[in-house]
Amino acid sequence: MEVNLPVREPQGKMEKIVALCKRRGFIYPGSDIYGGLANTYDYGPLGVELLRNIKNLWWKNFVQERSDMVGLDAGIISHHRIWEASGHVAGFADAMIDCKNCKARMRADHLIEDYYEKEGERKSAEGLTPEEFDQIITDNPKLTCPNCAKREWTKVRKFNLLFPVQLGIVEGEGGHGYLRGETAQGIFVNFKNVIDSSRVRLPFGIAQIGKSFRNEITPGNSIFRTIEFEQGELEFFFDPKTTNWEDLFENWKKDILKFVVGHLGIREENLKWRAHTDLERSFYSKKTEDLEYKFPFGFKELWGLAYRTDYDLTQHMNFSKKDLTIMDPVTNEKITPHVIEPAVGINRLMLMVLVDAYHEEENRTVLKLNPNLSPYKIAVFPLLANKPELVDKARSIYDSLKPNFMTAWDDRGNIGKRYLSQDEAGTPWCVTVDFQTLEDDTVTVRDRDSATQERIKISEIQEYINSKLQ
Ligand code: GAP
């Protein structure tokens, strides 16, 4: 059932970004022509480029450029024992509450946190038991349904977030698996395969980008929380006897921040680290901190960093009866490595990038995206669409740029409208072919952020763009 919880404050910016994303082909509601499917989204022509650019940058930064990291692409459908061993079957559940009047179902922690926020407090309600939630609701008589304003609550109950998958044609014969709830487990169960097939040495990391699935029911805020999403996760394995985990943790905090600010171009004042309280931290984690971003609906988790100890490898050893230890080459002792895990949602990174880039100026709306992330790097226009000599020249420039950069073409309307259209798409440079081009082989290049123009030679366009991309 669709539940229309009110959008929280400050009103406006989020709706405008959502509208721009649909209008310009970044993000569409999932199953749109059938009335939509809650918490699912599709990515349009601009969105798919932006998402891919973020993934490529993540991979380049955390895998390609490092000598202590290798990659992996594990399956999405996985053995049910993996999820029993990891603790997800027993414990990966959200506490839910229903409004008996309007039938809205919502996460109890979100309901209570939003209530606290309205009362002027910022408190986390993650990790509480159903009984503790019920007690808070009893103790706060003003806590009413955000959908219908009535106070007719059911008891709080836990719902597992994993999606079971029936395998085999005949029900019951093929057994069952799960759509993975996090990419991390694919890394743990392949730990031995990677050790045996590559030349990694502790400390080292295994990284993966891929889809994860969670039966989330909280609607709203676009792609912030969806049932299908991509994660960029890495497990950094180390021997706690020779590597100080606190130093490693601090180094990862720096590396994450460097990526978000330096590579994604996010303003640092919109970011902050928040340590998990003892209550909300997973029982196997010794320390967890979230990098939070200031979304229009408040500071929210962007990127989790957790010291998961040797919990997962030990669990998989116990359940699979396979030896997942690694031999210390000096002492010949068996080590069960510990891990520090940086885990981020790629789609959530994309939402942050869009929010941070969104600017309204006097006469235009502009996405000031880091050019490395922009769906199109350059747009080429003939000044007039009805002058074949201009169109031909512009076409030849477009054709020469296209093999090297995502290049847009536009010959509709007037130049001013074309600039505005590319500003909304976040295209950093627009090249216009005019009558002077026919005389001296120069074009104007207009810069998105400053809206200024300069004249350069056609033969220099490629170098001009390359010099501005990192
Ligand atoms: N392996 C650890 C793990 O999965 P998590 O905090 O549940 O930890 C990591 O998820 C990151 O994945 C989050 O910080 C968030 O960026 C992203 N994420 C989690 N659930 C999501 C959802 N339903 N939709 C979009 N992104 C999500």
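A residue is taken to be near a molecule when one of its heavy atoms lies within 4 Å of that molecule. The structure is a predicted model, in which local features require pLDDT of at least 70 and side-chain atom pairs count only at pLDDT 80 or more, while totals for chains, interfaces and linings use all residues. Residues are numbered from 1 along each chain as its sequence is written, and side-chain values use heavy atoms, with hydrogens and water left out.

The ligand is surrounded by 20 residues, of which E182, R214, E233, E301 and L302 come nearest. This shell comprises nine charged residues (Asp, Glu, Lys and Arg), seven nonpolar ones (Ala, Val, Leu, Ile, Met, Phe, Trp, Tyr, Cys and Pro) and four polar ones (the others, Gly among them). At least two shell residues are supplied by each of β11 (228-238), β14 (298-309) and β17 (338-345), strands being DSSP runs of E with at least two residues, numbered from the N terminus. The largest share, five residues, belongs to β14.

Polar contacts (pairs of N or O atoms within 3.5 Å) involve nitrogen atoms of the ligand. An N or O atom in the side chain of E233 is 2.3 Å from a ligand nitrogen; for a polar side-chain atom of E216 the distance to a ligand nitrogen is 2.9 Å. A polar backbone atom of T226 lies 2.8 Å from a nitrogen of the ligand. The protein buries 88% of the 560 Å² that the ligand exposes when taken alone, as computed by the Shrake-Rupley method with a 1.4 Å probe.

How values were computed
Polar contact = N/O pair within 3.5 Å; in protein donor to acceptor, adjacent residues only side chain to side chain. Helix = DSSP H or I, 4+ residues; strand = E, 2+ residues; numbered from the N terminus.
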